[in-house]
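Me: I've got a structure open here and I'd like to talk it through with you. Can we go over it by question and answer?

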There are 4 protein chains.
Amino acid sequence: MLVVMQRDATQAQIDNVCAAIRAMGFEPVPMPGAQRTAVGLVGNDRQVDGAHISVMAGVAQVIYVSSPFKQVSREWRQENTVVSIGPGVSFGGSEIPIIAGPCSVETEQQIVTAARAVRAAGATALRGGAFKPRSSPYSFQGLGKKGLVLLALARRETGLPIVTEAMDDEGAHLIAEYGDCIQVGARNMQNYSLLKTLGRLGKPVLLKRGLAATISDLLLSAEYILAEGNDQVILCERGVRSFDPSSRNMFDLNAIPTVHKLSHLPIIADPSHGTGVRDHVTPMARAALAAGADGILVEVHPSPDRALSDGAQSLYPEQFSRLVSELRAIAEAIGRRVAPSPGTAPLSVG
Amino acid sequence: MLVVMQRDATQAQIDNVCAAIRAMGFEPVPMPGAQRTAVGLVGNDRQVDGAHISVMAGVAQVIYVSSPFKQVSREWRQENTVVSIGPGVSFGGSEIPIIAGPCSVETEQQIVTAARAVRAAGATALRGGAFKPRSSPYSFQGLGKKGLVLLALARRETGLPIVTEAMDDEGAHLIAEYGDCIQVGARNMQNYSLLKTLGRLGKPVLLKRGLAATISDLLLSAEYILAEGNDQVILCERGVRSFDPSSRNMFDLNAIPTVHKLSHLPIIADPSHGTGVRDHVTPMARAALAAGADGILVEVHPSPDRALSDGAQSLYPEQFSRLVSELRAIAEAIGRRVAPSPGTAPLSVG
Amino acid sequence: MLVVMQRDATQAQIDNVCAAIRAMGFEPVPMPGAQRTAVGLVGNDRQVDGAHISVMAGVAQVIYVSSPFKQVSREWRQENTVVSIGPGVSFGGSEIPIIAGPCSVETEQQIVTAARAVRAAGATALRGGAFKPRSSPYSFQGLGKKGLVLLALARRETGLPIVTEAMDDEGAHLIAEYGDCIQVGARNMQNYSLLKTLGRLGKPVLLKRGLAATISDLLLSAEYILAEGNDQVILCERGVRSFDPSSRNMFDLNAIPTVHKLSHLPIIADPSHGTGVRDHVTPMARAALAAGADGILVEVHPSPDRALSDGAQSLYPEQFSRLVSELRAIAEAIGRRVAPSPGTAPLSVG
Amino acid sequence: MLVVMQRDATQAQIDNVCAAIRAMGFEPVPMPGAQRTAVGLVGNDRQVDGAHISVMAGVAQVIYVSSPFKQVSREWRQENTVVSIGPGVSFGGSEIPIIAGPCSVETEQQIVTAARAVRAAGATALRGGAFKPRSSPYSFQGLGKKGLVLLALARRETGLPIVTEAMDDEGAHLIAEYGDCIQVGARNMQNYSLLKTLGRLGKPVLLKRGLAATISDLLLSAEYILAEGNDQVILCERGVRSFDPSSRNMFDLNAIPTVHKLSHLPIIADPSHGTGVRDHVTPMARAALAAGADGILVEVHPSPDRALSDGAQSLYPEQFSRLVSELRAIAEAIGRRVAPSPGTAPLSVG
């Protein structure tokens, strides 16, 4: 922490700041400059809150030097964390898994058809919502536990591990039983009660960035999970709020290299929510992969026109199939590889 | 709903859109124009989701005519809803209550001292956090249930009703027992599980606007509570995220007349979080009241420099006392009145 | 400037940073901490650009201690700058002038009628656009020089000084001849060529905040004018871009106390553009005044329904008249006074 | 235009709206619905401003059906516009030119060295600033006309066409004489006087998106240029303002498919300003190309550590060389091709 004094701060004001730092248990280091004095604080300042110093007489600004997060940081752990959600399905290594499926689980036929279609096209895991956070209480809210049973059935049929969203503790415990990776949606990114529960459950977590979350906020939310002993966290960029109504969200792909620099956790991208429009999903999925994403999450529906939610941003199965081909070519261009569907033998040797 | 066709849309494309509207159970009304055709939908379109139509061939745009919220709207109920959280403490009428107190409950002495100080200065209700949502898992997280017991004690000492925040179902039930009004923080504004619980509990709710919530989002979250049968909801503007680091949040006071136009629910303002800086709390509290706020929520701490959280934005008791005087003068200038502390007899009759 | 090293930075990396600081002509001061080392720079760092140091090996972050602006800062000049645009019409003192008038000058009758109406209601100065920056090239672009002639005529009729917008050098020179205060619109806030011209012209300038300008950006743009020798600058908050479509702009009234803390220049508020809706102009003008604004700029049109631009946000003359009464009452409540129309004798003593 | 009435609007209010539409010269079409009536307007509504109707009694909302721009729209011209800035250097076709060079022209040696280095690495055009818009008046402002002379010299040495920024009319005329493509910077995107001048000059224009410009704003600014008869406009995404301080700007790559859908004009991307950090330029340049960009604009400096501006975001020549190789591989993966340097014979036949 560095306390910057005003240009005309008196010596008494500087002394008061030094005293306040000592009262916090640290050693102050005054640094007189040509224009003004700054007072440094020596010692571990991870948890120091200097807000009350910022409003002391003669103080211009308090600057924090340490980052507020700890276990999620690249400084804490140099090598990438690899998160596995099923046999052969890992995020954070050189292979790039693709999670695909409908927004919501609707019927047995719908989810099994979708699972087969995305597997045939090259998906590595299956997504599908049983608990749906909808802006309006009058919109379809998901099938609940029945949806989880249908997802487990689709996994049995295809071998694809299941990624699905929890909205509260009860849902999280159910998904820990039926699914393979528990998603936290954008709206719950700072639901700290839920994050603590997920930290204790120990299952892999897919943590989506909130609509107005900075990268630092996202990492601090992940820190809640790691602080409880669970480091199996996959981050996800899915677009943030912006001033431009020309698209549903602003898809911040620069979050990918930013997270890679600050943290050892893998980060994937969701171009379906990131853009909100089917025609933009393909170019932006390609862009996400080129930017270095550790995975792609994409909505695919057997009949988008009849989807109960998010139909307009869901790909048709044949569009998804073409997308996977393009992603494979781009991955190769940057020295990575799209992960194969589980159970396939991509590198069979004669 | 109105479907705007592209300038060069073919008759077949227009016919397809009409068919899709009929398949949804409504009657299409094509409106040919000089440049392009639009197709209207006749019937109650409250819950219509036209997203799949928006991506049909020849469609330029789908426009929603009805607002997505219902019971919270001014059209649903013309007169203001008045929410009472204690004898003589009501939001939404001509009187303007002031809720004041520390960010967190810390000790018995701290909260009782604070309660007496804010009551003496003219506060109408007491705030204080027992469950604290903090960005970092390593920051002080509140006293929990013990904090609620201390708040109830402070109420007994002063008569001030208690407003305090719930972060999950368990906390909500505890506050329903010990407190008078359950606050939902900005980070949980779209925690729909919690909102539904609050709808069923029936206690007054103080719903804070999320950091990137539009006014429409805020009203839809309130709709979750009303849809469960509880209309005792007070909305709260507390600043939103912006691009400008010069202040912690951007305090959107224009939200006040906007909500008053769209909804019958009362809206109050929190200049402490809205600005994040003690020196700005007084001018912005005055501004909020002048903009038409139905209440003011302000952080006051007996010793801000020693507060465990939010010290930098907390007023000293004597600052708060001066603020109340200024608020009384401004209220009078616009034909309203600051509500007196409960139990005082402000209009003694000879 | 403070260079924060990474936790695992080597001594060689720290030495390199010290060498780079020396190469810039300053003295480095290494500060070893428990977690990491920071290197301070001693000397006047106003114009130091440490961006190339921020990407050196082992560097985590470069932090600037001095603010980037100079002559506009409160540190440079303690007392308020008072800007006068006509006899008895000053911004930055205890009196609060009100600038009112139509968005555009349309005809002689319209502007003279408007000028008389706003003067009768209590306005202190007249606004009206001759050069109009419109998003679309097909919208009404203003009367140009003829508009200036009509404004000068309206001034002769009413005594109200004229505030009007320049979009380029040619317009600025014309306004310097015909008007009293040259407005720079939000879209031109960083048109540095124009700002330099205005600095040299020496006329009072009304500088509006850009749509995505931070307070620091706004002050730096003002610095361009002061750097050329003209300190007669009035700043203006007029709303910024936000994610919320519920209103045309987000009106950031907290900018007022923020500017008052950082700068000696006066700041006024424009609730017409700040909200974009007539019904919100009155409550938000009151709020701006209560927040400490040094003036109010408001659109008033004799017949808003027939205005060539901004009709929806223009007040009717009788609404404006009521607004002035409310503003007078609020000003009194906070110990200030709405400035009278020039030439009136508001405090005549018998 | 569609006027949506309130649920409880009276027949008299509906009639008034119809009368107001007729007064504007159009035919009203009332559409009674189950909940409320909407009134359509038949006829060409491109330039209709219904703001005054939006505040009439009984009106809930006015909705615009036509887009506000005209000549720039894909509806106006179906096929892509191809903009050529030199022999063999075209934007908008299947080839993707790369514009590279330093932020500012500093010396003859610097710009010629830079030009040779970027040409050797595969650049198609040269960038370099002679007129620099800097936030602070005390920062380096560019060499002015002398810089243009040096750029012309670098072109003679390398054959690379010149892209450089104009800040005002005078600069624009000079660049028309010395350069090949006139850049409009983000801060001047809505400097309509400058845009009109560029429309009349007829030289190719590179129009950068403003810091808070919506896609619609960007297209409307381009419309100013086309409206004067010049359709040689290249749009450029370069990042917008956001709430997240983790990066200098938010790089909105989804702007690329959005522009491609709405307009026939080419759009390129500038990852140097889009990210502000050297390490992010390479992944985000790759991402931009994968998203469909029609060109890449990137800052390269022979010695970034000694650059007078933007050193921290400039690539070293060897980094740029590797980037070009990666871009070539990704272009191939999506069926396009990076344009060769002018004068090279990319398809040599044996």
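**Salt bridges and the A–D contact**

Reply: Happy to. In this predicted model, Glu237(D) and Arg209(D) pair up in a salt bridge, with their closest N and O atoms 2.8 Å apart. The two partners come from distant parts of the chain: Glu237(D) sits in strand 13 and Arg209(D) in the loop between strand 12 and helix 7 of chain D, and the distance between them along the chain is 28 residues.

Me: Are Glu237(D) and Arg209(D) buried or exposed?

Reply: The label depends on relative accessible area, and under 20% is the cut-off for one end of that scale. Glu237(D) falls in that class, and Arg209(D) does too. So for both residues the word is buried.

Me: Over in chain A, how far apart are the closest N and O atoms of Arg209(A) and Glu237(A)?

Reply: Arg209(A) is in the loop between strand 12 and helix 7 of chain A, while Glu237(A) is in strand 13. Arg209(A) has a relative accessible area of 0%, and Glu237(A) has 1%, so both are buried. Their side chains form a salt bridge, and the closest N and O atoms are apart by 2.7 Å.

Me: Which residues are linked with Arg209(A) in a network of salt bridges?

Reply: Side chains of opposite charge can pair when their charged atoms come close. One partner of Arg209(A) is Glu237(A), through the salt bridge we just went over. The full network links Arg209(A) with Glu237(A), Asp252(A) and Asp244(D).

Me: Which residue of chain A forms a salt bridge with Arg209(D)?

Reply: Within chain D, Arg209(D) already has a salt bridge to Glu237(D). Across the interface of chain A and chain D, the rule finds 2 salt bridges. In the one formed by Arg209(D), the closest N and O atoms are 3.1 Å apart, and the partner is Asp244(A).

Me: What about chain B: which residue of chain A meets Arg241(B) in a salt bridge?

Reply: Arg241(B) lies in the loop between strand 13 and helix 8 of chain B, and the pair crosses from there to helix 7 of chain A. Both partners are buried. The N to O distance is 2.8 Å, and the residue on the other end is Asp217(A).

Me: How many salt bridges are there over all chains?

Reply: The cut-off here is a side-chain nitrogen of Lys or Arg within 4 Å of a carboxyl oxygen of Asp or Glu. The pair of Arg241(B) and Asp217(A), at 2.8 Å, is one of those that count. Over all chains, the count comes to 52.

Me: Back to chains A and D: what kind of axis relates the two copies?

Reply: Chain A can be laid on chain D with an RMSD of 0.0 Å, using a turn of 180° and a shift of 0.0 Å along the axis. The two copies are therefore related as by a two-fold rotation axis.

Me: Which residue of chain A has the C-alpha nearest the axis?

Reply: The axis is the one for the 180° turn that lays chain A on chain D. The nearest C-alpha in chain A is 2.0 Å from it, and that atom belongs to Ala287(A).

Me: What area is buried between chain A and chain D?

Reply: The contact takes 35 residues from chain A and 35 residues from chain D. There are also 10 residue pairs in polar contact between the two chains. Carbon and sulfur atoms give 66% of the buried area, which is about 2,700 Å².

Me: Which helix of chain A gives the most to the side that touches chain D?

Reply: The residues on that side divide into 20 nonpolar, 8 polar and 7 charged. The elements giving two or more residues are helix 8, helix 10 and helix 11 of chain A. The top contribution is 8 residues, and it comes from helix 10.

Me: Which residue of chain D is in contact with Thr275(A)?

Reply: Thr275(A) is in helix 9 of chain A. Its relative accessible area is 0%, so Thr275(A) is buried. Leaving aside neighbours within four places in sequence, its contacts include Ser247(A), Phe251(A) and Met284(A), and from chain D, Asn254(D).

Key
Residues are numbered from 1 along each chain as its sequence is written. Chains are lettered from A and ligands numbered from 1 in the order in which they are written. This is a predicted model: local features need pLDDT of at least 70, side-chain atom pairs count only at pLDDT 80 or more; totals for chains, interfaces and linings use all residues. Side-chain values use heavy atoms; hydrogens and water are left out. Copies are superposed by least squares on the C-alpha atoms of residues with pLDDT of at least 70 in both. Contact means heavy atoms within 4.5 Å. Buried area is the accessible area (1.4 Å probe) that two parts lose on being put together, summed over both. A polar contact is a pair of N or O atoms within 3.5 Å; within protein, one must be able to donate a hydrogen and the other to accept it, and residues adjacent in sequence count only if both atoms are side-chain atoms. Helices (H or I, at least four residues) and strands (E, at least two) are DSSP runs, numbered from the N terminus. Ala, Val, Leu, Ile, Met, Phe, Trp, Tyr, Cys and Pro count as nonpolar, Asp, Glu, Lys and Arg as charged, and the others, Gly among them, as polar. Buried means under 20% relative accessible area, exposed over 50%, partly exposed in between (1.4 Å probe, protein chains only).
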